[in-house]
Amino acid sequence: MHKNKSHTNLDSKLDAVRKSLKNSVKNRDSYTHVRGESLYVDDVNIRQGTFHAVVFDSPKAHGKIISIDYSKAEALEGVERIFTYKDIPGINEIGGIIADEPLFAEDEVHFWGMPIALIVAENEFIARQARQLIAIEIEELPVITTAKEAKAKGSFINAPRSFSLGDTEKAFANCEYVFEGETFSNGQEHLYIETQGAYAEPLENGNIKITSSTQGPTAVQATTARVLGIAMHKIEIDVTRLGGGFGGKEDQATPWAVMAALATYYLNQSVKLVLNRHDDLRMTGKRHPYESTYKIGLSKDLKILAYQAEFLQNSGAAADLSPAIAERTLFHATNSYYVPNVSTTVLSCKTNLPPNTAFRGFGGPQGMFVIESAIAKAAHEIGVSSRQIQEANLLDENDTFSYGQIAKQVEAKNSWNSAKLVFNSDALEQEVADFNKLNSDFKKGIAFMPITFGISFTNTPMNHARALVHIYLDGSVGISTAAVEMGQGVNTKMMQIAADIFSIPIEKIKIETTNTTRVANTSPSAASSTADLNGKATQMACHALLERLRLVASEELNSKVDDISLRYEFIHINDKKSELSWTELISKAMLKRVALTENAHYATPEIHFDKTKEKGHPFAYHVYGTAIITTTVDCTRGTYEFDSVKMVHDYGKSMSEGIDLGQVEGALIQGIGWMTMEEIAYNENGKLLSNALSTYKIPDLFSVPKIVETIPLETEGHEHAILKSKAVGEPPLMYGIGAYFALQNAIKAFNPNYNLKFHAPMTPEKVLMSLYQK
């Protein structure tokens, strides 16, 4: 009876979801995407005489440059010029948080793929030919590739950071159970479809325009100005859209734009630099690998009383965004659980790998994996399911996070209980148990994965945005913001906001390119905050315009302003349609010399964080959810497939159900890929081995779970989310962590002697070895 009721509940929920998706606004970019008409950097109409550039990079991971001979390359017909650090008119420095990364290597190289020079030629083929003619001699120095080795040698990017709550040492003494262990989570390649690239062109008076594939136009502008030794107003950055970013273009899009601009600065000609896939893989950083240790203490009734963790972050050869990413690891070290006594430390370890960088989740997933591993270890040793420990420790209203923020509008238990009810988790667990009793060659595993993810830049000053809105004489609207469209549908959401406020068709609204001359001094499109920040600014600008127009309408219709409203392209008085249309209203506003342009600024209220005390209220709100993952393992081969992923996700009040569902499903698969098959490999000399899609595997159509079901959590949303529609870019990636533990539970069902290891990704090779571990 319970099972039938649950199925009926699920069917009705899914029907409601399907109905809302059918009626939701579709991604406005989809039309040009499928027709091949969407424009990217490589689609820019290049000017006559444009040069093409290729980067000459280090063939060693660490060493002193003894000599470089460019003569043969420079003599090749078609080569215009080769630029090195000696040609930089400003400062040879592109580091953002810490000034520790040169644009071009000077006397030493610090990672395999480090840029040394820029070859500019008539075409890319000639530039690549020239690269092969450069002779370089390097005196090799010791190479560090792992965080543990870096820690042992005292090689760090900056000072360690620590968060604490309560007294862990005292709490451990009172625990019924105490367990310790270590974990490893590997890096992850962004593998955006559009590789890194930029197109620089000279304008008059020494100005330069750069079309860049970047998530951070202002960072590109500021860094280019610094390297060229000129003012920022002489550099214009323009972004139409990205062919994917995932964090890989937040900081690491910058050097290629700067290099193209440097060549344009000297040659007074346009220069195009687009990395091919192999160059991109070799020269750019990935998600940070983490080597971590933990200690967890529980009471007899499975309450987590104390938790300690030390995270060793493999930062690579320069800081990039590592300090900020390390900080977010601490913010999410306890995931969805309330732990009264916490002590966590992160060390950013300097190695001879490309500087690792932002990746969807920004350090949060690495922290969550450790506590989920600690819970799995404790459950295994005690002889209970991980689910029991997870459920016993879920966050509640007014619980305190280790960084001091008080949890409000908490949906951890709500999402967990909803998932159990809607998807009938008892039946799912029984189905797994029954299958495993009847089968010896195949085993199933099931795991629960709750998520709690904070929304805001953890660096408080970055939480602001601006919008510039024009209403044209014919009633059409143009919107400029700092939001960069990279597949997440933010353009559509900005258009929805304006269409709703002005009550006009979305077809009358245009989103302009993201351009630093229209919207300046912006934060990057990152931290899942793009729609919130830029949407709120757009909302403010549109409301300001609306109030002016209501005043004009009241004068024209001889009515009170409070009685005026705009609906479906007509002005209404006390809900009654008048003869005055939207277009006519705009014309009358023009005749009255009313401003039809508005520039608005939004800064997230309430948030703050004191880094001297490591306490504060850094997040505007949190996103919650719960996933239930089931897998089937072929115990002869070690291969596996995921039978289903069933999620209850906290969208708030979603303003675009179709777009948001796409983000949830895409993030889930990317998270599963990180946890199961995407294995970054460097050799002991620091050379990337997983340097092609033949050696680096990402999820394809055949890797997608057979069933993926997502039910929106019924909540009121949050006032700091745009239209109470919560951020959806990063949080769902963490559902993929559950895939690791589902596989591990299947292995345990086959091999009772399996000694739990927490070494991600859980590739088929690792599964096979674990199945037959003695």
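Which residues are buried in α20? The legends below take up this helix and other parts of the model.

This is a predicted model, in which local features need pLDDT of at least 70, side-chain atom pairs count only at pLDDT 80 or more, and totals for chains, interfaces and linings use all residues. Residues are numbered from 1 along each chain as its sequence is written, and side-chain values use heavy atoms, with hydrogens and water left out.

**View 1. The buried side of helix α20.** Lys766, Val767, Ser770 and Leu771 are buried in α20. Buried means under 20% relative accessible area, exposed over 50%, and partly exposed in between (1.4 Å probe, protein chains only). Helices (H or I, at least four residues) and strands (E, at least two) are DSSP runs, numbered from the N terminus. The four buried residues cover an arc of only 135° around the axis, so they sit on the same side of α20. The arc is taken over the directions from the helix axis to the C-beta atoms. An α-helix has 3.6 residues a turn, so residues three or four places apart point the same way. Exposed Glu765 and Met769 are on the face of α20 turned away from its buried side. The cover over the buried residues of α20 includes β27 (621-634), β28 (640-649), α19 (737-750) and β30. Contact here means heavy atoms within 4.5 Å.

**View 2. A cis peptide bond before Pro761.** The bond from Ala760 to Pro761 is cis, with omega near 10°. Pro761 lies in the loop between β30 (759-760) and α20 (764-771).

**View 3. Positive phi at Asn521 and Ser528.** Most residues other than glycine have a negative phi, and most peptide bonds are trans. Asn521 has a positive phi, near 55°. Asn521 is in the loop between β20 (514-515) and α16 (530-557). Ser528 also has a positive phi, near 60°. Ser528 lies in the loop between β20 and α16. At 14% relative accessibility, Ser528 counts as buried.

**View 4. An open three-stranded sheet with α16 packed on it.** The strand order is β21-β22-β23, with antiparallel pairing. The edge strands, each pairing on one side only, are β21 (564-567) and β23 (576-581). Two strands pair if DSSP finds at least two bridges between them. On average, neighbouring strands of this sheet are turned by 40° against each other, direction ignored. β21 and β22 (residues 570-573) pair in the antiparallel sense over four bridges. Ile564 stands opposite Ile573 in β22. Helix α16 packs on the sheet and touches β21, β22 and β23; its direction makes about 110° with that of β21. Axes are lines fitted to C-alpha atoms, for helices over the stretch in contact, and angles run from 0 to 180 degrees between N-to-C directions.
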